[in-house]
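Open the model in your viewer and show side chains as sticks. This tour follows the aromatic rings.

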Amino acid sequence: MTEILADIVAEGQRLLDVAAADGVPLRLLGGVAVRLQAPEIPPALDRQYKDLDFAVTKKGAGDLDGILRRTGYEPHLAFNAMHARERGLFFDDANERQVDVFIGSFRMCHQIPFDDRLQTTDATVPLAELLLTKLQIIELNEKDVRDTVLLLHGHPVEEQDNGAVNAARIAELCASDWGLWRTITANLKRCSELVPDYDLGDDERQRIATRFDEILARIEEEPKSRGWKLRARVGERRRWYELPEEVDQ
């Protein structure tokens, strides 16, 4: 087993390879996942990455714990014991790096299920879920906007996966959860408004803006569930998102 690599992208790929050799369905999330999926990275959308984020199926979580321990990572014992069914934390002290593992679904401000979707793509979660994990944040920071713009810079919006952002999947999830719909649509509009802030060509900006519009239109045309309609009556009078837990190392 090789040592932990200082290059975070290479280290992410190393862990994917180890997990694949052990038959564990592991996929990347977060900024490193966006970078791996980018056909090209314009200088204006490039950035540094601090931590690694992974998704694993519920069945694979136990095996992944063993993989991370033997590949050099220290578990956060108290946090992992408390959140064993949905999340795990591990640390690489030498590189001051954290590995965050989401089990069965991604849950921060909103929950994004993926347990039955990890086999859809290699290396990362499907692009639709990857985009949603970026857009589900109540208060977007610049790196999340940048990653979202990069994702739509390199991928079309279609009704399926296979190298595209699956708008049907995004619309399906938003149509069953008013809170998710509220956050995702607001952040899609905000990111679209910020595209001109990046030093991109006019054609690139137009292409990205069009893709934001395509996703918004697809979300709006999807028939909403009864639960969505009932929650919509309450609207913003009640908080529609969760506040992620702060973790002490």
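Begin with the aromatic side chains. This is a predicted model, and a search of the whole structure finds five aromatic pairs.

Select W178 and W181. Their ring centres lie 6.1 Å apart. Their planes meet at 40 degrees, so this pair is tilted. An angle under 30 degrees would count as stacked, and one over 60 as edge-to-face.

Now show helix 8, residues 178-194. W178 and W181 are three residues apart in this helix, which puts about one helical turn between them.

Turn on the surface. Are these two residues buried or exposed? W178 has 7% relative accessibility, so it counts as buried. W181 has 17% and also counts as buried. The cut-off for buried is under 20%.

Keep W181 and add W228. The ring centres of W181 and W228 are 5.2 Å apart. The planes stand at 80 degrees, so this pair is edge-to-face. Trace the backbone between the two: W181 sits in helix 8, while W228 sits in helix 10, residues 226-234. The pair links distant parts of the chain, 47 residues apart. W228 is buried, as is W181.

Next, add W240 and Y241 to the selection. Ring pairs join W178, W181, W228, W240 and Y241 into a cluster.

Finish with the charged side chains. Which residue lies over the face of W228? Select K224: it is there, 5.6 Å from the ring centre. Then select R239. R239 lies over the face of Y241, at 5.7 Å from the ring centre.

Terms used:
Residues are numbered from 1 along each chain as its sequence is written. This is a predicted model: local features need pLDDT of at least 70, side-chain atom pairs count only at pLDDT 80 or more; totals for chains, interfaces and linings use all residues. Side-chain values use heavy atoms; hydrogens and water are left out. Rings of Phe, Tyr and Trp (its six-membered ring) pair if their centres lie within 6.5 Å; planes under 30 degrees apart count as stacked, over 60 as edge-to-face and the rest as tilted. Helices (H or I, at least four residues) and strands (E, at least two) are DSSP runs, numbered from the N terminus. Buried means under 20% relative accessible area, exposed over 50%, partly exposed in between (1.4 Å probe, protein chains only). A charge sits over a ring if NZ of Lys or CZ of Arg is within 6 Å of the ring centre and within 35 degrees of the ring normal.
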